[in-house]
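Here are my notes on the model you passed along, set out as numbered points. I hope they are handy to read next to your viewer.

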Amino acid sequence: WVIFLATASIGAIWVGLNPRYQLDEYRYVIGDSEPVLLLARTQIAERNYATDLATLRTETKSIRQLIVLNDDPLVPDSLSMAAFLKSGEWLSDHDLAKRRAEVQAQDPALIVYTSGSTGRPKGALLPHRGLVRCCRNQMRYWIADPVRVVNFLPVNHIGCVGDLSSWTLVAGGCIVFMEKYDPAGALQLGIREHCTVWGGVPTTILMTLSLPDFASYDLSDLQLIVWSGAAAPEEVIRRLCTITPNLSNSYGMTETVGSLTFAGPCDDVDELANSVGYPVPEYEFRIVGPDNRPVAQGEPGEICTRGDFIMRGYWRRPKETAETIDAEGWLHTGDLAVERPDGTIRLVGRLKEMFKSGGYNVYPREIEQVLEACP
């Protein structure tokens, strides 16, 4: 998180890597984004990354330096974080301030790789303005005093960098990071740190509620429970209502940087289970048919949004960018929805087939490619 903030502050572009990636996935993302610096750890839990890092360092021509974090053992042709920081001591405060002053709101702050219908991840360029604006709007819905949240989401996901980390920062709150998720551990950490917000995807919430001793945990500090990425079942929502009456879900995607709609905070089971709430008034939002015209209330159509907060485009993919953001600036999400009589939005499917797993988009073609790689 500190590295992300430092990178963004000087107008550089940051790319997060999921520690669960395998070597071929690292090769793809690093080969596509062509980073100049690779900052990494050589050991996380039981997994050793030394061989993968050495391979990536050798194969990737764009990488000028490999920096190893946390005093982990070095790999060939790498530098410790302490040595890297020392090498920057020559930089004057004046030069640093000048570089930071040159950063513009519309500049990309990070690339988040997101899968498309082709099954090959595309790098969405997300601007500084989008992160800040979306988080400021999110503050109007996700209200707690103080804001304290456990963040166990993977660092390459917009939910981690945007919805939880950037939001908590903009809200003046406290982020409690958890390196590797487990339901009981996350619950215990949140209680110990007096966290006021429980955030996640329905999968993790269900895993937590399924703990045999869940009822014994003291959750009196919780003021708000939020989720995104998928729908939560009604029975789960009813259980959550016994903890706090302030529940909220939201709808957005990587390309929109933040959520476009919010349900609650409330204890209305129907709104929370059967909709993603109301569109944010400050955003341009519409549901359109195949003719690109808004559909009538109750008719299904594709969610589209427009504004200076959305992604700048896909990294080095002008064709895919033009297919997603039309000539009038509308971003086509590919998500089908209907507006209910009360004005809330109900998601009904995808223009192209896809399913959600733990908040991630998973496409049939991705599964096919894994199967095709097997002898």
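1. Thr 204 touches Phe 152 and Tyr 181, leaving aside residues up to four places away in sequence; contact here means heavy atoms within 4.5 Å. Thr 204 sits in helix α9, residues 202–209. With a relative accessibility of 10%, Thr 204 counts as buried. The burial classes are buried for under 20% relative accessible area, exposed for over 50%, and partly exposed in between, with a 1.4 Å probe and protein chains only.

2. A word on the ground rules. The model is predicted, so local features need pLDDT of at least 70 and side-chain atom pairs count only at pLDDT 80 or more, while totals for chains, interfaces and linings use all residues. Residues are numbered from 1 along each chain as its sequence is written, and side-chain values use heavy atoms, with hydrogens and water left out.

3. Now the whole chain. The protein chain has 13 helices and 22 strands, where helices (H or I, at least four residues) and strands (E, at least two) are DSSP runs numbered from the N terminus. Its radius of gyration is 21 Å, close to the 21 Å from the globule rule for 375 residues, so the chain is as compact as a globular protein of that length. That radius is taken over C-alpha atoms, and the rule is 2.2 Å times the number of residues to the power 0.38. Along the principal axes, the C-alpha atoms fill a box of roughly 60 × 55 × 55 Å.

4. On packing and surface: 48% of the 375 residues are buried. Of the contacts between residues at least 6 apart in sequence, 61% join residues at least 24 apart. The chain exposes about 18,600 Å², and carbon and sulfur atoms supply 54% of that area; accessible areas come from the Shrake-Rupley method with a 1.4 Å probe, and for residues only the protein chains shown count as cover.

5. For the electrostatics-minded, the mean positions of the 35 positive and 47 negative charges are 5 Å apart. Lys and Arg count as positive and Asp and Glu as negative, with His and the chain ends not counted. Each charge is placed at NZ of Lys, CZ of Arg, CG of Asp or CD of Glu.

6. One open sheet has three strands in the order β2-β5-β6, with parallel pairing. The edges are β2 (37–40) and β6 (79–80), each with a single partner strand, so one side of each lacks a neighbour in the sheet. Strands pair if DSSP finds at least two bridges between them. Strand β5 (residues 65–68) is joined to β6 by two bridges, and Val 68 has Ser 80 as its bridge partner in β6.

7. Which strands are largely enclosed? Strand β7 (residues 108–114) has six of its seven residues buried, so the rest of the structure largely encloses it. Two bridges link β7 in parallel to β1 (residues 14–15), where Trp 14 stands opposite Leu 110. Six bridges link β7 to β8 (residues 122–127), and this pair runs antiparallel; Val 112 stands opposite Ala 124 there. Strand β13 (residues 247–252) is also largely enclosed, because five of its six residues are buried. Four bridges join β13 in parallel to β12 (residues 224–228), with Ser 228 opposite Ser 250.

8. Please check two cis peptide bonds in your setup. One joins Asp 145 and Pro 146, with omega at about 0°; Pro 146 lies in the loop between α6 (128–139) and β9 (148–151). The other runs from Gly 264 to Pro 265, with omega near 5°, and Pro 265 is in strand β14 (residues 259–266).

9. Two positive phi values outside glycine deserve a mention. Asp 77 has phi near 60° and lies in the loop between β5 and β6, where it is exposed at 57% relative accessible area. Asn 292 has phi of about 70° and belongs to the loop between β16 (284–288) and β17 (301–306); Asn 292 is partly exposed at 28%.

10. Finally, Glu 284 is in strand β16 and counts as partly exposed at 36% relative accessibility. Setting aside residues up to four places away in sequence, Glu 284 touches Cys 304, Thr 305, Arg 306 and Trp 330. Between the C-alpha atoms of Glu 284 and Glu 25 there are 35 Å, and the two residues are 259 apart along the chain.
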